[in-house]
Amino acid sequence: MKVVVTRKIPGNGIKMLQEGGFEVVVSPQNRPLERQELLNFIQGANGVLTQLQDKVNDEFINSAGPQLKIVANFAVGFDNFDLPSLSSHNIVATNTPDVLTEAVAEHTFALILSIVRRVVEAYKIALTQSFTFGPEVLLGMELKGKTLGVLGLGRIGGRVAEIGKALGMNVIYSDPKANVEFEQKIGASFKATPEEVLKEADVVSIHVPLLDSTKHLINTEKLKIMKPTAYLVNTSRGLVVDEAALVEALKNKTIAGAALDVFENEPYLSPGLELLDNVVLTPHIASATIEARSAMGELAAKNIIAVLSNQPPLTPVKAK
Ligand code: NAD
């Protein structure tokens, strides 16, 4: 049976597939495949290990052919999957939860600390070699005693909340479901709406999946609810934030700053974002640790091996 991997991955995932006795074809390109390249590349595959840029829809499924049994995403998010289409063709869809939670939560704090302590601005000034120590130079905000607002208290949001607590922050969160056990464990408070979190938090960190209901969850009106001294951090998906509205809010100092790992139209930035000092930007690398990326490849491989051996997948995803 043939397994197609749309981009080279670190770790043992490819080796595991080869040792499973599959014919494994890995894209020779070190970039996301163009649409037509992708459609040609997956023809005849029984399993495909996809990247989040690969749109998996009817066109993809028809190009692969009727022998396709599983599409395993190299990501926990699966907004690139048309799940109703996959299930109507009896194709299993899987993702890589948990194994990247620590990496993404730690990167979220790399961003939070960078924006509140103005690390990128400071780095640029240090490079000029013409700075002096000054009592009022590059003043930032301390996290201890401040309120961290988590939007989406799932695996990653929960870990971010724990790290915030360890740094002495008060934690509030909103989620469609309250998690009383977690609240008691770390001392966090549930807010029934995102608006209540936005109103109170000094740092708002977004960890919701991209769904129709979360697209532009943060827009002009929501940004106005935030404190002018507050920071917005997004490591979820770019479309969750109306980026043009955010640029305006940052220019007008409606909020103090933003740190983003994901963008509405990657790899492009909304006009004006690149000119602002009160932002920290990283190029969609929140899960980019050797540990997480290796484990993601291995989990995707295990899912493919299981399904192509007529066993249940380890981490299936289904349409809600
Ligand atoms: P998860 O499913 O464990 O958590 C998502 C949480 O969001 C759930 O608790 C859910 O109930 C909640 N939620 C859904 N709609 C909401 C709403 N409208 N308001 C508030 N909460 C809502 O997922 P996870 O493993 O924590 O991952 C979260 C997201 O992070 C993924 O879907 C993915 O898009 C993103 N992600 C990004 C990167 C990156 O590289 N930047 C890496 C990993 C994950």
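How many bridges join strand E7 to E8? I looked this up first and found three, with E7 spanning residues 170-174 and the two strands running parallel.

**Ground rules.** I am working on a predicted model, where local features need pLDDT of at least 70, side-chain atom pairs count only at pLDDT 80 or more, and totals for chains, interfaces and linings use all residues. Residues are numbered from 1 along each chain as its sequence is written, and side-chain values use heavy atoms, with hydrogens and water left out.

**Seven-stranded sheet.** I traced the strand order as E8-E7-E6-E9-E10-E11-E12, an open sheet with parallel pairing. Strands here are DSSP runs (E, at least two residues), as are helices (H or I, at least four residues), and both are numbered from the N terminus. Two strands pair if DSSP finds at least two bridges between them. I noted E8 (188-190) and E12 (279-281) as the edge strands, each pairing on one side only. Neighbouring strands in this sheet are turned by 15 degrees against each other on average, direction ignored. For angles, axes are lines fitted to C-alpha atoms, for helices over the stretch in contact, and values run from 0 to 180 degrees between N-to-C directions. At the E7 and E8 pairing, I found Tyr173 opposite Phe190 in E8. I then checked helix H7 (residues 155-166), which lies across E6 (147-151), E7 and E9 (203-206). H7 runs at about 175 degrees to E6. Contact means heavy atoms within 4.5 Å.

**Five-stranded sheet.** This one is also open and parallel, in the order E2-E1-E3-E4-E5. E2 (23-26) and E5 (92-94) each have a single partner strand, so one side of each is left without a neighbour in the sheet. Neighbouring strands are turned by 15 degrees on average here, direction ignored. I counted four bridges between E3 (residues 47-50) and E4 (residues 70-73), in the parallel sense. Gly47 has Ile70 in E4 as its bridge partner. Helix H12 (residues 290-308) lies across E1 (2-5), E3, E4 and E5. H12 runs at about 170 degrees to E4.

**Ligand site.** Which residues are closest to the ligand? I listed Arg155, Ile156, Asp175, Thr235 and Asp261, out of 25 that surround the ligand. A residue counts as near if one of its heavy atoms lies within 4 Å. By class, the shell has ten nonpolar, ten polar and five charged residues. Nonpolar covers Ala, Val, Leu, Ile, Met, Phe, Trp, Tyr, Cys and Pro; charged covers Asp, Glu, Lys and Arg; the others, Gly among them, are polar.

I looked for polar contacts next (pairs of N or O atoms within 3.5 Å). A polar backbone atom of Ile156 is 2.8 Å from a ligand oxygen. A polar side-chain atom of Asp261 lies 2.9 Å from a ligand nitrogen. An N or O atom in the His284 side chain is 3.3 Å from a ligand oxygen. The protein covers 86% of the 870 Å² of accessible area that the ligand has on its own. Accessible areas come from the Shrake-Rupley method with a 1.4 Å probe.

**Backbone checks.** I found a cis peptide bond between Glu266 and Pro267, with omega about 10 degrees. Pro267 sits in the loop between E11 (257-260) and E12. Asp98 has a positive phi of about 70 degrees although it is not a glycine. I placed Asp98 in the loop between E5 and helix H5 (101-116).

Key:
A polar contact is a pair of N or O atoms within 3.5 Å; within protein, one must be able to donate a hydrogen and the other to accept it, and residues adjacent in sequence count only if both atoms are side-chain atoms.
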